[in-house]
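Q: I'm new to this structure and would like a close look at one part of it. Could you take the salt bridges and then walk me outward to what sits around them?

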Amino acid sequence: MKKITENRDNFLDVFKAVAIVSIVVGHAPVHIMLVKFVYTYHIMAFFFAIGFALKPEKLQSMSDVYRYIGRSVYKNLKYFFFYACLFALLHNTFLKMGILAGDYYSKFDVVKISILGFAFYGAETFMGAFWFIPVMLVSVIIAVSLLHITAQLKWNKLVNILLFVGITLFALLLYQKNTHLTYFIQVSFLALPVIVAGYFAKKYWHTLSRFVTWYGGLIAAGVVLIVLKETGQMIELSKNEILTIPMFYPVTFLGIYFCLAFAKVLDKGSGRRIVGYIGRNTYHIMALHFVSFKLLDFLYAKIGKIQDSALSAFPTSHYSWGGVYVLIGVLVPLCLTYLAGTFRHVLQESPTIAGVRGILTKK
């Protein structure tokens, strides 16, 4: 396991761990009220985490902003493209196993689907959760740019308030009109106030932290559950469902508060480093939890000698308890990520690889 550096905020990693496990729970066959509950915050919690990690004061010029955006795009693009290629290459194998429905790919189809990854387009079923990535990047680009530009103004705090209130109203108007934009970009505007809230929460965390308590988290969760039960609806951003326009942000921030309170408790426990490790690998868990579900279905069907057309059902075939799916959906990606990291480390330490690297870098 990688060591946590002094510069790394373990609390933020734990918070992200709560968010990613909530996403896995939301896709698992668990009680519908639990699904509705985690859906109130699990996506927006990541936007809050983005704001929590922002340090716009380190971006002294627009060149710094461009470099920051470039690094963000590059980091996400390389992972997105990797998984687009991986799932395209494994598509036919998954079809033969019976855990995926659809047509077989030709070699041309594999290349085409892989190339689409360069456009942040996840054509594969198992990449369903990746709709979040381009939405996140657009939000980051807008938020970082605006915070940098307004920081140069005399009344920057007032300008920020007016600016993001305006963005909030615009985002809610899009949802009132049931507007669907390419790549779900309407969610980007909805997320901008959450990113800013995360930024200011971090800025004043030394004061706000004392108001984030375990019992406050329970109260927040109770209020959210009551609202969900009374309305009979849920938040599903990929389907433009946000409960009601007046209720979206209050319910979302109550869910995020619960997430913060839960993370605060976990960050004080003996397993904080393990939970933090989960939070540092959210991208891979997001990418691999669906296929982990289906591999569990495959093993269950084979061991139980079940001949069932529902094996290809997505995201699960409901063969086992929901808790088992959640456990597998987190542990399998973590194990694969750990093995990949260990393999990469061995290669980097190899004398042969080191020698080749020295030749290539020698002036």
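A: Here is a walk that begins with the salt bridges and then moves on to a helix contact, a buried side chain and a few unusual backbone spots.

Keep in mind that this is a predicted model. The count of salt bridges comes to four, and we can look at some of them in turn.

Let's begin with aspartate 13 and arginine 280, which form a salt bridge with their closest N and O atoms 3.8 Å apart. Aspartate 13 belongs to helix α1 (residues 10-27), while arginine 280 sits in the loop between α12 (272-279) and α13 (282-303), so this pair ties together parts that are 267 residues apart in sequence. Both partners, aspartate 13 and arginine 280, are buried.

That fits with the helix that carries aspartate 13. Of the 18 residues in α1, 17 are buried, so the helix is largely enclosed by the rest of the structure. You can also check α1 against a simple ruler: at 1.5 Å a residue, its 18 residues should span 26 Å, and its end C-alpha atoms are indeed 26 Å apart, which agrees.

While you are looking at that region, find phenylalanine 11 and lysine 268. They are 257 residues apart in sequence, yet their C-alpha atoms are 9.1 Å apart in space. Lysine 268 is in the loop between α11 and α12. With a relative accessible area of 67%, lysine 268 counts as exposed, because that is over 50%.

Next comes a salt bridge inside one helix. Lysine 294 and aspartate 297 meet through their side chains at 2.9 Å, N to O. They are three residues apart in helix α13, so about one helical turn separates them. Why does that spacing suit a pair of side chains? An α-helix has 3.6 residues a turn, so residues three or four places apart point the same way. As for burial, lysine 294 has a relative accessible area of 0% and is buried. Aspartate 297 is buried as well, with a value of 0%.

Helix α4 (residues 62-97) holds another pair, arginine 67 and aspartate 64, again three residues apart and about one turn of the helix. Their salt bridge has its closest N and O atoms 2.5 Å apart. Here the two partners fall into separate classes: arginine 67 is partly exposed, with a relative accessible area of 47%, whereas aspartate 64, at 18%, counts as buried because the cut-off is under 20%.

Now for a contact between two helices. Helix α3 (residues 42-53) packs against helix α11 (residues 248-266) at an angle of about 70°, and their axes are 9 Å apart. That angle makes α3 roughly perpendicular to α11. On the α3 side, the residues in the contact are Met44, Ala45 and Phe48, and they meet Phe248, Thr252, Ile256, Cys259 and Leu260 from α11. Sorted by kind, the residues of this contact are seven nonpolar, one polar and no charged.

For a single buried side chain, try isoleucine 133. You'll find isoleucine 133 in helix α6 (residues 132-151). Its relative accessibility is 2%, so isoleucine 133 counts as buried. What does isoleucine 133 touch, leaving aside its neighbours within four places in sequence? Its contacts are Asn76, Phe80, Phe120, Tyr283 and Met286. Leucine 77 is worth finding too: isoleucine 133 and leucine 77 are 56 residues apart in sequence, and their C-alpha atoms are 9.1 Å apart in space.

Last, a few backbone details. Asparagine 240 is in the loop between β1 (235-236) and β2 (241-242). Its phi is near 65°, a positive value in a residue other than glycine. Asparagine 240 is also buried, with a relative accessible area of 8%. Move along to leucine 243, in the loop between β2 and α11, and you meet another positive phi, about 60°, although leucine 243 is not a glycine either. Leucine 243 has a relative accessible area of 12%, so it is buried.

The walk ends at proline 315, in the loop between α13 and α14 (322-349). The peptide bond that leads from phenylalanine 314 to proline 315 is cis, with omega near 5°.

Terms used: Residues are numbered from 1 along each chain as its sequence is written. This is a predicted model: local features need pLDDT of at least 70, side-chain atom pairs count only at pLDDT 80 or more; totals for chains, interfaces and linings use all residues. Side-chain values use heavy atoms; hydrogens and water are left out. Axes are lines fitted to C-alpha atoms, for helices over the stretch in contact, and angles run from 0 to 180 degrees between N-to-C directions. Helices (H or I, at least four residues) and strands (E, at least two) are DSSP runs, numbered from the N terminus. Angles under 35 degrees count as roughly parallel, over 145 as roughly antiparallel, 65 to 115 as roughly perpendicular and the rest as oblique. Contact means heavy atoms within 4.5 Å. Ala, Val, Leu, Ile, Met, Phe, Trp, Tyr, Cys and Pro count as nonpolar, Asp, Glu, Lys and Arg as charged, and the others, Gly among them, as polar. Buried means under 20% relative accessible area, exposed over 50%, partly exposed in between (1.4 Å probe, protein chains only). The expected span of a helix is 1.5 Å times one less than its number of residues.
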